[in-house]
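Reader: Please choose a single part of this structure and take me through it closely, and then set that part among its surroundings. I would rather have one long, connected account than a list of separate remarks.

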Number of protein chains: 2
Amino acid sequence: MSITVQTIIDRLIAPVGLLEQTVDTLKSGSPDKPVRKVAVVMTATYAIIKQAVDTGADLIIAHEPTYYNHLDETNWLEGDPVYEKKRELIESSGIAIFRLHDYIHEYEPDGILSGMLHALGWEAYADPDNQLLLTLPPDEAGTVGDLAAYLKRRLGMDSLLLAGDPDMAVSRIGFLPGAPGGRLQMDVLRTGGIDLLIAGETNEWETNEYVRDAVDMGFAKALLVTGHQKSEEAGMATVAEMLRAQLPELLVDVIAGPPAVQRI
Amino acid sequence: MSITVQTIIDRLIAPVGLLEQTVDTLKSGSPDKPVRKVAVVMTATYAIIKQAVDTGADLIIAHEPTYYNHLDETNWLEGDPVYEKKRELIESSGIAIFRLHDYIHEYEPDGILSGMLHALGWEAYADPDNQLLLTLPPDEAGTVGDLAAYLKRRLGMDSLLLAGDPDMAVSRIGFLPGAPGGRLQMDVLRTGGIDLLIAGETNEWETNEYVRDAVDMGFAKALLVTGHQKSEEAGMATVAEMLRAQLPELLVDVIAGPPAVQRI
């Protein structure tokens, strides 16, 4: 029996069960299409879609939206040359795109978080009952600046954003990939003993200002903002490994790349 | 007749008229309090409130929220040590804080935008019917990299974020201070002839990915992201100048500062 797009979708949602409300839908292609190869990516950018098509992928599994808004609404983009050219590439190639955002975050543990902890070599340091809180062992602990350098090296980043003192000692970390909102970020920051929040993306008027005030008040708190893509991209390896284990005959590529913006 | 907090609020809302729904409310202090000195700021941070109190200000006029969320809701912050310490400083000092966000953006022209154009020396280049679209004269036009260097120098920034080619020639700019959302940012980017969008703050999965795709398709588009604070802070000078002109006996300080985060 051949593997189809629907076979794979069923595997991706199985750990959670069908969600009634979700952005995780088939953005293009047919559920019945046979699949020999999938490409697992953070975002189905124009360049990554071309690369996936050129390397023979039938299905792209992407964490982020295809059309520049969370709900992948497209009415407002009708006639936009960027939208039209991307849609034409997708339709003419026949490639299927499934978004895997809500489901993978609902895995137990969160598939993105566990994949990121693996990429950082931090799996053993996560609290068993709340994996986004980490206690570094004494030989791994260091300053905020040390941790920034480690993140850059392990995640392939040139720079990140800091609020707080780069020389502050850190032993307890809160780690929130992506952009889960300022309230959750601040909730983690005020959790007892947390010195440092490592966040993917913030709203400047929320978490950044909270940490600025905390530091100016003399509290030992700091914030590192990695950028959204690099805070989650390596976490998509979780789904690549799951599919390889469950469907050994399926070819699974992981395509990663640089962030959309560079610091100048 | 002495100037009160209410006198000043009346002046600030007069160009627009009373808005029914607005975040622009008195966050602390009494409308009847006499005011000898005001401080005009981007955000009433803990450090800036102390500075304002120390220099004798009776009222802070701030563009951004005081308590780390757009609506300045505080229920979720009860017991938070950063919130409690900030609230105590505000209450014990008796300083009044009025937020001026929606009104100043409703001024004709938008007071933040016109203040930023003044700070950048670009007032003459704005389209008369839509000031956020600019045409640079040939002797001011240059590359994206040239404009990035100009923005850094004029607004006091160490770096900014770029999507696109730093060597691309620019003559038509869209300029959107703040974080007005991805749809408006993309609407401006697709406006005929616009080469470059200068944005304050973006969501990474929206405008950044749109420009990445546009560039990979071969469209001559670029994005510079300045950071939210530096994209609007100098624009608050508009209200300082308005108050100085209308109430010559009032002392008006403008307090600016570095962003909450630094690039490391």
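Author: The words helix and strand refer here to DSSP runs, of at least four residues for a helix (H or I) and at least two for a strand (E), and the runs are numbered from the N terminus. With that in hand, the loop between helix H4 (102–106) and helix H5 (111–120) of chain B can be located, and Pro109(B) is placed in it. The model is a predicted one, and what follows should be read with that in mind.

The peptide bond that leads from Glu108(B) into Pro109(B) is cis, its omega lying near -5°. In chain A, Pro109(A) sits in the loop that joins helix H4 (102–106) to helix H5 (111–120), and the bond from Glu108(A) to Pro109(A) is likewise cis, with omega near 0°. As background, most peptide bonds are trans, and a negative phi is what most residues other than glycine have. The second half of that remark bears on another loop of chain A, the one between strand E3 (59–62) and H3, where Tyr68(A) is found. Phi of Tyr68(A) is near 65°, which is a positive value in a residue that is not glycine.

From that loop the chain leads to the part I would look at most closely, helix H3 of chain A. Helix H3 (residues 81–93) of chain A packs with helix H2 (residues 46–54) of chain A at an angle of about 15°, and the two axes are 10 Å apart. Since angles under 35 degrees count as roughly parallel, H2(A) is roughly parallel to H3(A), and the crossing of the two is left-handed. From H2(A) the contact draws on Tyr46(A), Ile49(A), Lys50(A) and Val53(A), while H3(A) supplies Lys85(A), Lys86(A), Leu89(A), Ile90(A) and Ser93(A). By class, the contact of H2(A) with H3(A) comprises 5 nonpolar, 1 polar and 3 charged residues.

One of the H3(A) residues in that contact, Lys86(A), also reaches across to the other chain, where Lys86(A) and Asp213(B) form a salt bridge whose closest N and O atoms are 2.7 Å apart. Between chain B and chain A the count is 6 salt bridges, and over all chains the structure holds 24. The contact between the chains takes 56 residues from chain B and 56 from chain A, and it buries an area of about 5300 Å², with carbon and sulfur atoms giving 59% of it. In chain B, helix H3 (residues 81–93) carries both Arg87(B) and Glu84(B), which are 3 residues apart, about one turn of the helix, and their side chains meet in a salt bridge, 2.5 Å from N to O.

Asp213(B), the partner of Lys86(A), leads on to helix H8 of chain B, which spans residues 204–216 and packs with helix H7 (residues 182–189) of chain B at about 25°, their axes 8 Å apart. H7(B) and H8(B) are therefore roughly parallel to each other, and H7(B) passes H8(B) in a right-handed crossing. Gly182(B), Gln185(B), Met186(B) and Leu189(B) make the contact from H7(B), and Glu206(B), Thr207(B), Tyr210(B) and Val211(B) make it from H8(B); these divide into 4 nonpolar, 3 polar and 1 charged residues.

In chain A, the axes of helix H7 (residues 182–189) and helix H8 (residues 204–216) come within 8 Å and cross at roughly 25°, which makes H7(A) roughly parallel to H8(A). The crossing of H7(A) and H8(A) is right-handed, with Gly182(A), Gln185(A), Met186(A) and Leu189(A) of H7(A) meeting Glu206(A), Thr207(A), Tyr210(A) and Val211(A) of H8(A).

Terms used
Residues numbered from 1 in each chain as written. Chains lettered and ligands numbered in written order. Predicted model: local features only at pLDDT ≥ 70, side-chain atom pairs only at ≥ 80, totals over all residues. Heavy atoms only, no water. Axes fitted to C-alpha atoms, helices over the stretch in contact; angles between N-to-C directions. Parallel < 35°, antiparallel > 145°, perpendicular 65-115°, else oblique. Left-handed = near helix turned anticlockwise from the far one by under 90°. Contact = heavy atoms within 4.5 Å. Nonpolar A, V, L, I, M, F, W, Y, C, P; charged D, E, K, R; others polar. Buried area = accessible area lost by both parts, 1.4 Å probe. Salt bridge = Lys/Arg side-chain N within 4 Å of Asp/Glu carboxyl O.
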